[in-house]
Structures are given as C-alpha cells and as structure tokens.
Amino acid sequence: MKYTTAIFDLDGTLLDTLDDLMDAVNYALRQLQYPERTKEEIRHFVGNGVGKLMARALPDGTENPHYEESLSLFRQYYSSHCEDKSHVYPGVLELLAQLNAAGCKTAIVSNKLDSAVVHLNQTFFHSVVPIAIGEQPGLKRKPAPDMVEHALALLHSRKEESVYIGDSDVDIQTAAHAGLPCISVTWGFRDADFLKDHQAVVLADTPQQVYQLIMEGLL
C-alpha cells in the first residue's frame, strides 16, 4: 500500500449536507426579510466556509449592513439543525471501514464550523475518523494547506504517504497547496465536467474506486 493516510473533505465528499445548509441560509435570509435561495444556488455557494456562503447568498455580500447579523443567524440555526436532513453518501461507511481495517489513517478537514464538523463526525461516523478539523482560530481555511498539515501532524503522517479526497475546486487547490495527490469524487456538489475544468487529474465515481486508488497507489 503506497498511501498510509487519507485526508477527507466532509461536505459533498462524505456527507450530503446541502439541504441543511440551504435551510440555515434561508432561515437567516427570512429573518432579515431577503429573498430565499434555491438548492442549486446553495450548491454553488458552498466550499469556502460560512463567511463566503452568506456573502454569496446575501444581496451586496459583505457590504450588506446585515452581513454580520446573517452570520450569527446562520450559526444559531445550523448549530441545532446540522443533522436534520444530512446523510452519508452510499458506500462511504464501507470505505472508511475498509481503510481502517487496512491500517490506513484518516482525518476530516472542512471549512464548516469546527463544532459542526466534530458533531457530524461523532453522529454519522461514531468518531471512526479520529481527527476532524473545521474552521477555527489560528488555522487558515482551505484552500490554504494549514488544516491538512495540522491533521497530518496530529496523525504523525508524512506527506509522501498521504492522499487528499474531495469534491470541489477548493479541494483540488487545497491538495496542490499541501503537496498531496488528489482524488476528486463525482458524487458530491460538483460534477465531473466542472472538476476536469478545474484541473482534476484523478476522478472517482464511487467510494470503492477511492479505496482501490488508495490501496493500489496509482495516483
């Protein structure tokens, strides 16, 4: 086995969280009396953290006088509803179990709120992934490499034996900045054509393909 460590994105890679994110965004927009956003709009807004998400959803973005309030409203709602409609993608639990059985170390790095990342890991994966890192002070958000490097340090893993798995252009950039090969999954928030247009090199259509790529070290 070439790769001994797999670093995963969360939203769109391990979990389908889109409905809960949409509900939290639209809750904030409703409270501020702004038009709600569609699921497809939210799909294209996510990936860079809650600040960017609300900036994209809110008229005039960060220039809107209610921008900070919208962040507070989003966090207030999402902290209590982050698992209402979210679910694990088919085959992901089996993938994580296979990696664990093979002795491959795993971690989650996400631009969503750290408390939500930890909670979702505990809820859906029963902490089978030992390291789950979200947005927090002192760590730059993806696509900066800081979260990945922090996870590798906690796992005592070397970059030369590690691989990154994600579903977006942000993930492709993150892997590149961290110096890791990237597996781009096609079942998440971005389709294969989008990923190819954003320099994806290795695509996986199923979690089992991800497992085979990691085990065979063919990246």
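The following exchange concerns helix packing and side-chain contacts in a predicted model.

Biologist: Why are helices α1 and α4 called oblique to each other?

Modeller: The axes of α1 (residues 18-31) and α4 (residues 67-81) cross at roughly 140° and come within 8 Å. Angles over 145 degrees count as roughly antiparallel, and 65 to 115 as roughly perpendicular. The angle of roughly 140° falls in neither class, and α1 and α4 are therefore oblique. The crossing of α1 past α4 is right-handed.

Biologist: Which residues of α1 and α4 meet?

Modeller: Among them are L21, V25 and A28 in α1, and L73, F74 and Y77 in α4. The residues of this contact comprise nine nonpolar, four polar and two charged.

Biologist: What makes the aromatic pair of F74 and Y78 stacked?

Modeller: Ring centres must lie within 6.5 Å to pair, and planes under 30 degrees apart count as stacked. The rings of F74 and Y78 are 5.4 Å apart, centre to centre, with 20° between the planes, so the pair satisfies both conditions. Both residues belong to helix α4, four residues apart, about one turn of the helix. The structure holds two aromatic pairs.

Biologist: How do you know that L53 is buried?

Modeller: Buried means under 20% relative accessible area. L53 has a relative accessible area of 3%, and is therefore buried. This residue lies in helix α3 (residues 50-57).

Biologist: Which residues does L53 touch, not counting those up to four places away in sequence?

Modeller: L53 touches L21, V25, F45, V46 and F74. L53 and L21 are 32 residues apart in sequence, with 9.3 Å between them in space, C-alpha to C-alpha. F74 is itself buried, as is Y78.

Methods
Residues numbered from 1 in each chain as written. Predicted model: local features only at pLDDT ≥ 70, side-chain atom pairs only at ≥ 80, totals over all residues. Heavy atoms only, no water. Axes fitted to C-alpha atoms, helices over the stretch in contact; angles between N-to-C directions. Helix = DSSP H or I, 4+ residues; strand = E, 2+ residues; numbered from the N terminus. Parallel < 35°, antiparallel > 145°, perpendicular 65-115°, else oblique. Left-handed = near helix turned anticlockwise from the far one by under 90°. Contact = heavy atoms within 4.5 Å. Nonpolar A, V, L, I, M, F, W, Y, C, P; charged D, E, K, R; others polar. Phe/Tyr/Trp six-rings, centres within 6.5 Å; stacked < 30°, edge-to-face > 60°. Buried < 20%, exposed > 50% of the residue type's maximum accessible area, 1.4 Å probe, protein only.
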